[in-house]
Amino acid sequence: MTDDTSEAAAKRIRAAHQFISALPHCRALSMTVESVGEGEAAISMPWAADLVGDPLTGVIHGGAVSALMDTTGGAAVLSHPTAPIATATMDLRIDYMRAATPHQTITARAVCHHVTRSVAFVRAEAFDEDTDKGPVAVANGAFTLERARAK
Amino acid sequence: MKTPEPVQVVKQRRDSALRGLIDGVPYIKFLNITFDRRGDELTGVLHYDPKLIGNPALPALHGGVTAAFLEVTAIVTLSWSMLWDDLEAGRLEPEGLTHDALPRLPKTIDFSVDYLRAGLPRDAYARARLNRSGRRYASVHVEGWQDNRERLFAQATGHFLMPQRTDPDG
C-alpha cells in the first residue's frame, strides 16, 4: 500500500462496507469488507450450509466463490485512486486450484493492477483459513470503468 | 418385437433421475435453479429473487449469480449426460437415486464468463453444450439469456475434471 493515514484507510473501509451492504446478494452471502487500499480490496465470506455444492463433502460451490471474487474485483476497481464512479464485470476467469475446506471462511484479495480510460484489469486470489495450502482459486478479470464526466 | 415402454414410465424414470441429481445440492436450492427437460436436453431456469441483485441502482443481477447459474447449468448438464446411457440401458435404478448412489459430480477446473449485458431483474435461462466430454476432462460452453434466446446476457466456457467411474455392473 502507498502512503496512507490510518484515518483515510478506516474511511475507505467504511465506504466500501456501506457499498457492499447495499448489494442484496452480498448481504445474502454475508460478505464482509476486511480491508481496502488504493486499487485493492479484501472481502471475506463465511462458510454456510446453503452454499454447499457437493453434499457428500460439504465443500462450498464454485459459484459462491465466483460471487466473492466478482465482488472483491469490483471493490478493487472502485477504490482505484483515479476514482471511477461505476464499474461492471466484462469478463472473469476463475481457476479452481483446490476444494475449500468445509466450515472455513473464504477471503478474496483483489488488485486492480491497470486501468485505462474505460477498462480496469483485475487479479484476485481466494484463500480459506489454511493459508499455507495456497489459494483455493485465482481469478483474472476485465471490468468496465465509468468516470465522472470531465468539464 | 419388443413393445415400446409406456410414455409415463420413460418420463418418470428420467425425471426422478434428474431430481436425484439436483435435489441434494444446497447451493442449487439457495439460488432457486430448476431444470426443464425435453428428452435429454436440459434448460436451466434461474428463478428471480431480490436477493440475486448485485447492483440495486440499475437493478441488475449480481455478476457472481450469473457465473454461478452458468456453472451449475454446465455441471448438471455434464452429469446428466454421464448418467443418461446407464439410465436408459437400465443399469441405474432411478427410484431413490440420491447423492450417495450417484457418481460424484464433475469438478470445475476453470470457468471463464463473458458478460454481454446486464442481467435484468427477472428469470434467466441457460443451456450448455458439451464441446468435449472425455473420460477424464470435459470442455463445456454455456449460454444464458432472458427475454430473447438470440440476445445472450452472458456466456461461459469451462473445463471440468470428470469423476472416476465405477463399473455399474461390478
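The following paragraphs lead from the fold of chain A to the place where chain A and chain B touch. The structure is a predicted model, and every value below was computed from that model.

Chain A is a good place to begin, since its secondary structure comes to three helices and eight strands, which follow one another along the sequence in the pattern α-α-β-β-β-β-α-β-β-β-β. The radius of gyration of chain A is 15 Å, close to the 15 Å that the globule rule gives for 151 residues, so chain A is as compact as a globular protein of that length. Along its principal axes, the C-alpha trace of chain A spans about 60 × 30 × 30 Å. Of the 151 residues in this chain, 42% count as buried, and among the contacts in chain A with a separation of 6 or more, 65% are made by residues that stand 24 or more positions apart.

From here we can turn to the meeting of the two chains, where 30 residues of chain B are in contact with 31 residues of chain A. On the side of chain B that touches chain A, at least two residues each come from helix H2 (26-31), strand S3 (53-55), helix H3 (63-88) and strand S5 (107-115) of chain B. Of these, S5(B) gives the most, with eight residues. Taken by character, the residues on this side of chain B divide into 18 nonpolar, eight polar and four charged.

Strand S5(B) also takes part in a pairing between the chains, for strand S5 (residues 86-96) of chain A and S5(B) pair in the antiparallel sense over five bridges. Within this pairing, Asp91(A) has Asp114(B) as its bridge partner in S5(B).

Terms used
Residues numbered from 1 in each chain as written. Chains lettered and ligands numbered in written order. Predicted model: local features only at pLDDT ≥ 70, side-chain atom pairs only at ≥ 80, totals over all residues. Contact = placed C-beta atoms within 7 Å. Helix = DSSP H or I, 4+ residues; strand = E, 2+ residues; numbered from the N terminus. Nonpolar A, V, L, I, M, F, W, Y, C, P; charged D, E, K, R; others polar. Pairing = 2+ DSSP bridges. Rg over C-alpha atoms; globule rule 2.2 N^0.38 Å. Buried ≥ 20, exposed ≤ 12 C-beta atoms within 10 Å, placed from the backbone.
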